[in-house]
Amino acid sequence: TFVREIEHLDFPGAVEKLAAKAGVTLHYTDVREGEGRMRRGRLVEAMGRAVDFYHQRLLSGSDAARARGYLRSRGFDADEVRHFQVGWAPDSWDELAKALRLPAEEFVDAGLGFRNRNGKLTDFFRGRVLFPIFDAQGSPAGFGGRILPGADGPKYKNSADNRIYNK
């Protein structure tokens, strides 16, 4: 109960957290529940890889210079950018999809992109400063995106509801 309340977990989530900490392997009696939790884990892992990709792109990408300048103009220093893992989504149709090389279903179910009219994976965010959104357990769940001043498109764009993120 203590772990459930402090970590904001359901009962199975608390058991899994404590088991992992103690090095105990859990065996599920309901196969569907175990598969569902494993699937969610893969989606969260995919989202974490996206957070890393976008963050590294902001820190070192030549195409992110304007984004770095924008963040400085808004009072963000390098320590804050690193602490909050702020990122940059390149203005490309499928750069994240190519970099992560996830199964299409996972890429779409994690809310990282969609299939376009031609059936190709397309990144959800393009040409935006991204602020990762973490759930109560500290796992990455989505993004809030801000387009740079002067660019076309809606000023703000957030992750759509998906299997790991619900507004």
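Where does V24 sit, relative to α2 and α3? The views below start from that spot in a predicted model and then move on to the salt bridges.

**View 1. V24 and its nonpolar neighbours.** V24 lies in the loop that runs between α2 (11-22) and α3 (31-60). Together with F11, V15 and L26, V24 makes a nonpolar patch on the surface, about 330 Å² in area. V24 itself has a relative accessibility of 47%, so it goes down as partly exposed, since that label covers the range between 20% and 50%.

**View 2. The whole chain, for orientation.** Here's the layout before zooming back in: 7 helices and 6 strands, in the order α-α-α-α-α-β-α-α-β-β-β-β-β from the N terminus. The C-alpha trace spans about 55 × 40 × 25 Å along its principal axes. Of the 167 residues, 40% count as buried. The accessible surface is about 10300 Å², and carbon and sulfur atoms own 51% of that. If you look at contacts between residues at least 6 apart in sequence, 56% of them join residues at least 24 apart.

**View 3. R39 meets E105.** This is one of the 8 salt bridges in the structure. The closest N and O atoms of R39 and E105 are 3.3 Å apart. The two partners come from distant parts of the chain, with R39 in helix α3 and E105 in helix α7 (residues 104-109), 66 residues apart. R39 is buried, because its relative accessible area is 17% and the cut-off is under 20%. E105, on the other hand, counts as exposed at 53%.

**View 4. D63 and R57.** Here the closest N and O atoms of the salt bridge are 2.9 Å apart. Which of these residues is buried and which is partly exposed? R57 has 18% relative accessibility, so R57 counts as buried, while D63 is partly exposed at 31%.

**View 5. D109, R163 and the network they belong to.** The side chains of D109 and R163 pair up in a salt bridge, 3.3 Å from N to O. This pair also links distant parts of the chain: D109 is in helix α7, R163 is in the segment after β6 (156-158), and 54 residues separate them. D109 is buried, with a relative accessible area of 14%, whereas R163 is exposed at 58%. Through shared salt-bridge partners, R39, E105, D109 and R163 end up in one network.

**View 6. Charges across the protein.** Zooming out one last time, there are 27 positive and 23 negative charges, and their mean positions are 6 Å apart.

Technical notes: Residues are numbered from 1 along each chain as its sequence is written. This is a predicted model: local features need pLDDT of at least 70, side-chain atom pairs count only at pLDDT 80 or more; totals for chains, interfaces and linings use all residues. Side-chain values use heavy atoms; hydrogens and water are left out. Patches are made of residues with over 30% relative accessible area and no salt bridge: like charges are joined within 9 Å, nonpolar side chains (Val, Leu, Ile, Met, Phe, Trp, Tyr) within 5 Å. Accessible areas come from the Shrake-Rupley method with a 1.4 Å probe; for residues, only the protein chains shown count as cover. A salt bridge is a side-chain nitrogen of Lys or Arg within 4 Å of a carboxyl oxygen of Asp or Glu. Helices (H or I, at least four residues) and strands (E, at least two) are DSSP runs, numbered from the N terminus. Buried means under 20% relative accessible area, exposed over 50%, partly exposed in between (1.4 Å probe, protein chains only). Contact means heavy atoms within 4.5 Å. Lys and Arg count as positive and Asp and Glu as negative; His and the chain ends are not counted. The place of a charge is taken as NZ of Lys, CZ of Arg, CG of Asp or CD of Glu.
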